[in-house]
Amino acid sequence: MALHFPKLKPAYCLVAFLASAFQAFGMYNIHALSGVTEGGIFGLILLLAHWFHLSPAISSFVLNASCYALGWRTLGRDFIGYSIAASCGYSTAYAVCERFPPLWPQIASMPLTASIVGALFIGIGAGLCVRVGGATSGDDALAMSLNRLTKIPIQWLYLISDLTVLGLSLSYIPLKRIGYSLLTVVLSGQIIGWIQRIRF
């Protein structure tokens, strides 16, 4: 039976699509080159692959699907509609980016710059998407759901999730590299929280 989304706002769908495309641009041109890891679901997927040899194809599906199911249950049907728009924007933009060489290959040797610039792309892209009610990843869906259930500000929920995973990742990732990742997740989480409070 097909889903119907009578309350979806076309402008919000467009924002979710473009914001996620912006995020994908940053992921391809910054994060994929810098070697800076992530917290949240992505970091947990890497952790499970390293220690338990679980295929990311399986773990990413299970973890993200669980978070989206919680989002649907907590945030409603419109959440799924905006998340579909966001996912389409992310996938389309990343597929386009892959057809071209990275714009700033030298950023691979500048982890501090990559951490800051990468946080801007993730924070702004995910922040705008979350603001209109969608999620590009399980991280966003989980944070939005917990924000609705607990009323804890969303930036602190991102931080708790990221710190937990990054702390566990110290079991196989050098401390210096984790430091750059910590900077990225702190900055991006705060940007997301700031954007969520904007009224439009």
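The exercises below, each with a worked solution, concern the cores, a pocket and the cysteines of this predicted model.

**Exercise 1.** Identify the residues with the most contacts inside the largest nonpolar core, and state which helices supply at least two residues of this core.

*Solution.* Begin with the core itself, which has 16 residues, those with the most contacts inside it being Phe79, Ala135, Ala141, Met144, Ile154 and Tyr158. Next, turn to the helices: H2 (40–52), H3 (56–75), H4 (77–97), H5 (111–131), H6 (138–150) and H7 (154–169) each supply at least two residues of this core. A second, separate core has eight residues, among them Tyr12, Tyr82, Ala86 and Cys129. Finally, leaving aside residues up to four places away in sequence, Tyr158 touches Val130, Asp139, Asp140, Ala143, Gly189 and Ile192.

**Exercise 2.** Describe the lining of the second largest pocket.

*Solution.* The space in this pocket is about 420 Å³. Its lining consists of 16 residues, and Val130, Arg131, Gly133, Met144 and Arg148 are those that lie nearest the centre. By class, the lining divides into six nonpolar, three polar and seven charged residues, while H4, H5 and H6 each supply at least two of the lining residues.

**Exercise 3.** Explain why Cys97 forms no disulfide, and then examine Cys129.

*Solution.* A search of the whole structure finds zero disulfides. For Cys97, the closest cysteine sulfur is that of Cys88, and because the two sulfurs are 16 Å apart, they are too far for a bond. For Cys129, the nearest cysteine sulfur, in Cys13, is 10 Å away, whereas a disulfide requires sulfur atoms within 2.5 Å. As to accessibility, Cys97 counts as buried at 11%, and Cys129 likewise counts as buried at 1%.

Key: Residues numbered from 1 in each chain as written. Predicted model: local features only at pLDDT ≥ 70, side-chain atom pairs only at ≥ 80, totals over all residues. Heavy atoms only, no water. Core = buried A, V, L, I, M, F, W, Y, C linked by side-chain atoms within 4.5 Å. Buried < 20%, exposed > 50% of the residue type's maximum accessible area, 1.4 Å probe, protein only. Helix = DSSP H or I, 4+ residues; strand = E, 2+ residues; numbered from the N terminus. Contact = heavy atoms within 4.5 Å. 1 Å grid on protein atoms, 1.4 Å probe; cavity = no way out; pocket = protein on both sides within 12 Å on 5 of 7 lines; lining within 4 Å. Points joined across faces, edges and corners; volume = space filled by probe spheres on them. Nonpolar A, V, L, I, M, F, W, Y, C, P; charged D, E, K, R; others polar.
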